[in-house]
Amino acid sequence: MDMSAVPPILDATLPDKWIDADTAAFQENFERKSFEVSHHLACHPLFQLPQLMDLAERTLKTRPSDLYYDMGDVAPGQKWKDTNRAFSPLKALEQLEDSDAWFIFRSTQRDPAYAELYRHAIAEIKDMVGGDIESKISKEDIIVFVTSPNRVTSYHIDRECNFILQIHGEKDLYVFDREDRQILPEVEIERFWAMDNNAPNYRPELQNRAKSYKLAPGNGVHVPVNCPHWLKNADNISVTLSVNFQFVDSLRADIYRANHYLRKLGMNPNPPGQNAVRDRAKVMALSTVSAARRVARSVLQRGGSFGADREA
Ligand SMILES: [Fe+2]
């Protein structure tokens, strides 16, 4: 890549430490409950709209699948798959005030201009978590969200734990307890891990159980893995940075996947954590099924035939 086209990386006014949180609250709540943090990134030059427009152009040219966008008057309970994507993203960014649009710049660190920012932000958070966090992380990522005024980000859960840091504009964030089975039933978690990112259903009658945060430039919120959340932008353009970690903890995800298939067979499986022996047996059975599917796929790709089992 032509590095001369890359904008400057750091604003000299930024302090060395970007993100602040109460140490005791951080240690107690990280990856358990949502909590607020503060940060100094609002003045970072790479989050200004002209730089984000350049980033959009570069992303569309080099990594188009890393720029998600949709448009429309979205409700909190709307599924992501039902949103409008038939428009020009660059035009919608130019007219952000009026376009009702939502942009996700995924894996922004893959753009060379943002690589140092990524390293700094990730290193700070790992430092705050402490302990042996490095060995527990399977994937780390920074994402930038750019949103039109009043736009809603619909209710969902994530595979990653997030630090949502507000850069420009204000927005409301509502975070729910992932252990509340009226809010997030086992069957929805199972379906999410097995096959469907849209599985969790928003229940407006339980909205009053959400913890609400008023995001504004300089503050942010930690959202643990699978904590349901949705957001509503205020009457302003919003830019938000999300620093994400995905954990190695695939065992729990595998048990949820196994439970999804057991439930389809008419069983009523126990959630993970109640019986370690059964949990291990489920994961082994799942890996056996997965291995069989992989073998079947490779046989079919080589032109073989499994007769009635072809759907594998
Ligand atoms: Fe999210």
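Two strands count as paired here if DSSP finds at least two bridges between them, and strands (E, at least two residues) and helices (H or I, at least four) are DSSP runs numbered from the N terminus. What you have open is a predicted model, in which local features need pLDDT of at least 70 and side-chain atom pairs count only at pLDDT 80 or more, while totals for chains, interfaces and linings use all residues. Residues are numbered from 1 along each chain as its sequence is written.

**Colour by confidence**

Start with pLDDT, the predictor's confidence in each residue, from 0 to 100. The protein chain averages 86, and 87% of the residues score at least 70. Now pick residues 1-10: pLDDT is below 50 there, and beyond near neighbours in sequence the stretch has 13 contacts in the model. A contact means that two C-beta atoms, placed from the backbone, lie within 7 Å. Residues 302-312 are also below 50, with eight contacts beyond near neighbours in sequence.

**The four-stranded sheet**

Select E6, E11, E8 and E9. In that order they make an open sheet of four strands with antiparallel pairing. Which strands stand at the edges? Strand E6 (152-156) and strand E9 (211-215) do; each has a single partner strand, so one side of each is left without a neighbour in the sheet. Direction ignored, neighbouring strands of this sheet are turned by 15 degrees against each other on average, with axes being lines fitted to C-alpha atoms and angles running from 0 to 180 degrees between N-to-C directions.

Zoom in on E8 (residues 171-175), which runs antiparallel to E9 and is joined to it by five bridges. Show Val175 and you'll find Lys211 of E9 standing opposite.

Next, hop to the loop between strand E10 (219-223) and strand E11 (229-233), where Asn226 sits. Asn226 isn't a glycine, yet its phi is positive, about 70 degrees. Is Asn226 buried or exposed? It is buried, because 20 other C-beta atoms lie within 10 Å; the cut-offs are 20 or more for buried, 12 or fewer for exposed, and partly exposed in between, with C-beta atoms placed from the backbone.

**Helix H4**

Select residues 115-129. At 1.5 Å a residue, the 15 residues of H4 should span 21 Å, and the end C-alpha atoms are indeed 21 Å apart; the expected span is 1.5 Å times one less than the number of residues. Show Leu117, Ala121 and Ile125, which are buried. Look down the axis of H4: the buried residues fall within an arc of 50 degrees, so they line one face of the helix. That arc is taken over the directions from the helix axis to the C-beta atoms. An α-helix has 3.6 residues a turn, so residues three or four places apart point the same way.

Add E1, strand E5 (137-147), strand E7 (161-168) and strand E12 (238-247), which are among what covers the buried residues of H4. Then flip to the face turned away from the buried side, where the exposed residues Arg119, Ala123 and Asp127 are carried. Just after H4 comes Gly130, with a positive phi near 70 degrees.

**Helix H2 and strand E4**

Move to residues 49-62. H2 has 14 residues and reaches 20 Å from its first C-alpha to its last, close to the 20 Å expected at 1.5 Å a residue. Its buried residues are Leu52, Leu55, Ala56 and Thr59. They cover an arc of only 105 degrees around the axis, which puts them on the same side of H2. They pack against E3, helix H3 (89-94), E4, E5 and E12. On the face turned away, pick out the exposed Pro50, Lys61 and Thr62.

From there, select E4 (residues 101-105). Four of its five residues are buried, so E4 is largely enclosed by the rest of the structure. Five bridges join E4 to strand E3 (residues 67-71), antiparallel, with Met71 bridged to Ala101 in E4. Four bridges tie E4 to E5, also running antiparallel; look for Ile104 opposite Phe145 in E5.

**Last stop: either end of H1**

Ala21 lies in the loop between strand E1 (19-20) and helix H1 (23-29). Ala21 is buried, with 20 other C-beta atoms within 10 Å. Leaving aside neighbours within four places in sequence, Ala21 contacts Phe26, Val37 and Met128. Ala21 and Val37 are 16 residues apart in sequence but 4.9 Å apart in space, C-alpha to C-alpha.

Finally, select Glu31, in the loop between H1 and strand E2 (35-39). Glu31 has a positive phi of about 60 degrees although it is not a glycine, and with 16 C-beta neighbours inside 10 Å it counts as partly exposed.
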